[in-house]
Amino acid sequence: DIYHRFNHGGGPVWGENGSLSIDEVTQNVLRYLYAHNTTGHSNQGYMNAQTMITLVNTGDHNNLRLNQPSTSNSIRPKKIEFNIQECVATFTGREDVLEELHKNIVHNRSNNISSVLSQAVVICGMPGVGKTETVRRYIQLHRDCFDHVLWINAESYPNAKNCFLRLATIIPIDVNYNGKQKADEDILDAIYDHVCQKFTLIAYDNLESIESLHQLTPRAMKTGWRVPAIIITTRHRNWKTISVRKLEGLTPSESLSLLSLLEFEENEDNRQCARCITDLCQGMPIVLQRVIALVRHNRDAYAALNKEAASQDVYTIFAMTFQQLATKTHGDLALQCLDVMALLNPDNIPTVLLQHFLKKESKLADALILLHDYNLVTRAEGFYQIHRMIQAVKLEYNTRQEPENKQQIIIRIMNSFTEFLTDLPINTIQIHEILDNAIRLNEQAASEYESELCITFQITLVSKLMEVGKHVIAVKISEEAYKSSGKIWGDGDPRTLKAKYSLANALKDQGENAEAEKLYQDILEAQAKIESVSELDTLTTKKNLAAVWKNQAAEDLYQEFLATKMKTLGPNNPDTLKTIHNLGLVWINLRKYQEAKELYVDLVETEMRIFGPDHPDTLRTKHNLGMVWINLGKFEDAHNLCQDVQERRMKLLGPNHPDTLMTKQNIVTILIGQGKYTEALKLCEDIFDVRLKTLGPDHPHTRMLWHLWGKIITLSWWQKLTAMF
């Protein structure tokens with residue numbers, strides 16, 4: 001009854017006359033109302049949970065009504081236009097497609113369709129037919145109809161994820177928690193929660209299937225959200241219940257209109273040539289653009305096309321372009337650039353990558369300008385784009401011309417990329433775009449050219465992927481590296497063990513502890529049989545094994561590892577101190593609080609002396625010492641310590657940083673232990689607000705707060721009841 005009344009505006013929640021009894025108001029009811037309080041229902045009333053408790057305790061039952069939300073919840077985000085590009089200047093035709101597309105979107109909007117899939121419009125067609133440019137033209141014409149316009153490169157899940165991560169920084173949304181990236185679903189929900197406050201258009205370019213769309217849309221539409229308009233471009237026709245508009249090639253009149261840019265003399269021979277070119281290009285705008293660029297740079301090519309148009313094919317048109325390009329100043333270097341770009345992510349190739357791969361070439365900028373002038377690449381701010389068809393043709397061209405040279409190109413790029421990744425700081429501005437290009441290179445080349453160089457590249461890439469929280473793809477690539485290593489060298493070779501170790505680390509970071517444990521055990525057995533393996537390598541494996549155990553055996557391994565660190569590095573080395581810190585965590589898991597207390601008291605003193613009071617390692621140790629004090633029942637000591645850590649983290653990291661919130665949660669636990677339930681509830685609500693928005697309702701840290709919240713309510717009522725009787 002409460003659920004029905006709350007969601008359908010049925011008046012007071014507490015009964016027809018507003019009366020209330022303790023039996024009627026259960027903890028679960030308050031939890032439910034509190035959930036609606038914090039998820040931002042814009043069209044329903046709510047009452048702050050703390051206010052409800054106060055009214056219960058004071059007996060003011062008549063005021064227990066659902067109040068209207070504050071106006072702060074109606075604040076809307078500024079307009080976002082993400083990843084938007086203008087269509088090509090020579091865009092021609094498609095008026096009927098553009099008109100039909102807009103009618104569909106307006107129809108869906110006016111009929112208040114509530115399903116994300118029902119709002120989707122799919123445009124399918126073969127590569128090069130102009131799907132992407134048609135949608136860009138639509139956005140160019142109608143962008144003012146939308147409050148937000150988002151363009152997602154959705155050819156693969158990693159590419160789409162990278163777009164959403166970039167979008168999160170613009171909103172901004174914190175995508176990390178406790179040093180690791182949040183779950184993809186939680187990041188996606190937080191982004192949708194922001195943009196769906198207004199009317200939004202989202203274009204998913206080159207999406208594979210309806211299953212891929214499910215991965216890129218929220219788990220459920222929330223009350224108060226406005227369902228976004230969605231345009232999908234794809235090569236595939238089967239989209240189940242979603243209507244599909246197939247985009248055909250340009251009509252003869254549209255093609256002739258585009259070819260008129262050649263400024264040919266108006267006569268029957270030239271018109272016949274134009275018709276032949278149209279047939280040859282199959283109405284595909286990208287190929288027609290190529291013909292235009294070819295003829296503009298060499299009028300003799302027009303004569304060649306005129307003479308042999310009927311016998312040409314798409315490959316030949318591009319081959320003629322490559323041959324012509326080679327005759328130009330900086331043309332050879334331009335073709336080298338195309339060789340590189342043909343193996344990378346077509347949607348975003350950071351300029352810094354090209355500068356690294358071709359760092360010995362002083363005229364790189366001139367070569368890139370030449371490619372742009374020939375309409376082979378598109379220049380943007382800080383990166384380049386290349387059409388997938390041009391990539392495919394260039395790879396085919398290299399195979400036909402010099403098959404051995406193609407392999408040399410891949411080896412050279414892979415070697416250079418490994419060098420680049422090794423020295424790449426994790427806070428690099430384009431880190432996600434760079435890693436997407438490394439993933440693309442791996443997809444293009446790794447399976448075809450299994451070698452030590454390729455495996456080294458994969459292991460280096462996996463290390464960087466784990467640092468930025470891309471655990472799923474890291475596991476996939478590390479599995480490929482391990483499989484290739486076994487094929488080349490056999491299971492017992494040290495190089496195979498290195499690949500196996502990389503896979504074990506990736507599985508551990510993804511939380512697959514059972515699988516990681518088995519691999520670490522196998523590695524330890526193999527290391528014992530290899531004389532060249534150092535004691536430090538063996539201990540490192542044992543340390544990682546201890547990290548997945550978290551039991552008495554883990555304590556023994558950390559003690560062994562710590563003894564070696566103390567002996568080889570000394571007591572004050574940062575690596576030694578981190579090992580001491582991790583040993584303390586094992587003791588907390590084993591409930592050895594007294595031992596953990598003594599260890600952390602000494603460690604805090606050492607880190608204060610070496611690093612200072614505001615260093616992250618110092619604050620982390622003090623935070624954990626606070627947990628130990630809590631478990632020992634020393635609430636006053638714990639409160640003083642955690643309050644200091646919270647204030648310092650607030651200044652260094654901000655109020656909503658995961659580390660700051662964890663310290664606040666410690667303080668909630670302390671306040672509960674001190675019987676200060678009103679203060680505990682208020683602080684718990686503050687943390688819950690942030691976690692619900694950033695992590696979602698199902699995240700373990702959010703659920704932990706549910707537990708604390710229920711505990712506070714229960715203890716608060718019990719305190720009131722015992723005082724009454």
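The legends below accompany several close-up views of a predicted model of one protein.

**Figure 1. Overview of the whole chain in the predicted model.** The protein is built with 32 helices and 11 strands, and of its 725 residues, 52% are buried. When contacts with a separation of 6 or more are considered, 70% of them join residues that stand 24 or more positions apart. The accessible surface of the protein comes to about 33500 Å², and carbon and sulfur atoms account for 50% of that surface.

**Figure 2. The largest nonpolar core, with its best-connected residues.** This core has 75 residues, and those with the most contacts inside it are Leu371, Phe417, Leu421, Leu441 and Leu461. Helix α19, which covers residues 431–446, gives the most to this core, with eight residues. A second, separate core has 44 residues, among them Ala596, Leu603, Ala638 and Ile667. As background to this view, nonpolar side chains in soluble globular proteins tend to be buried together.

**Figure 3. The surroundings of phenylalanine 417.** Leaving out residues up to four places away in sequence, phenylalanine 417 touches Leu344, Leu353, Phe357, Ile434, Asn437, Ala438, Leu441 and Phe457. Phe417 also belongs to a cluster, in which ring pairs link it with Phe357, Phe420 and Phe457.

**Figure 4. The aromatic pair of phenylalanine 688 and tryptophan 706.** The count of aromatic pairs in the protein comes to nine. In the pair shown here, the ring centres of phenylalanine 688 and tryptophan 706 are 4.9 Å apart and the planes meet at 70°, so the pair is edge-to-face. Phenylalanine 688 belongs to helix α31 (residues 677–694) and tryptophan 706 to helix α32 (residues 700–724), so that the pair, 18 residues apart, links distant parts of the chain. Both phenylalanine 688 and tryptophan 706 are buried.

**Figure 5. Two positively charged residues, arginine 136 and lysine 394, placed over aromatic rings.** Arginine 136 lies over the face of tryptophan 151, at a distance of 5.2 Å from the ring centre. Lysine 394, in turn, lies over the face of phenylalanine 322, and here the distance from the ring centre is 5.5 Å.

**Figure 6. Aspartate 436 and its contacts.** Aspartate 436 has its place in helix α19, and because its relative accessible area is 3%, this residue counts as buried. Not counting residues up to four places away in sequence, aspartate 436 touches Pro158, Asn159, Asn162, Asn345 and Lys470. One of these contacts, asparagine 345, is 91 residues away from aspartate 436 along the chain, yet the C-alpha atoms of the two residues are separated by 6.8 Å.

**Figure 7. Asparagine 348 in a loop.** Asparagine 348 lies in the loop that runs between α14 (331–341) and β9 (349–350). Although found in a loop, asparagine 348 counts as buried, because its relative accessibility is 5%. When its neighbours within four places in sequence are set aside, asparagine 348 is in contact with Arg166, Phe383, Tyr384, Glu433 and Asn437.

**Figure 8. Two buried cysteines, cysteine 196 and cysteine 684.** Cysteine 196 has a relative accessible area of 0%, and therefore counts as buried. Cysteine 684 is likewise buried, with a relative accessible area of 0%. For the protein, the count of disulfides comes to zero.

Notes:
Residues numbered from 1 in each chain as written. Predicted model: local features only at pLDDT ≥ 70, side-chain atom pairs only at ≥ 80, totals over all residues. Heavy atoms only, no water. Helix = DSSP H or I, 4+ residues; strand = E, 2+ residues; numbered from the N terminus. Buried < 20%, exposed > 50% of the residue type's maximum accessible area, 1.4 Å probe, protein only. Contact = heavy atoms within 4.5 Å. Areas by Shrake-Rupley, 256 points an atom, 1.4 Å probe, with all protein chains shown as cover. Disulfide = S-S within 2.5 Å. Core = buried A, V, L, I, M, F, W, Y, C linked by side-chain atoms within 4.5 Å. Phe/Tyr/Trp six-rings, centres within 6.5 Å; stacked < 30°, edge-to-face > 60°. Lys NZ or Arg CZ within 6 Å of the ring centre and 35° of its normal.
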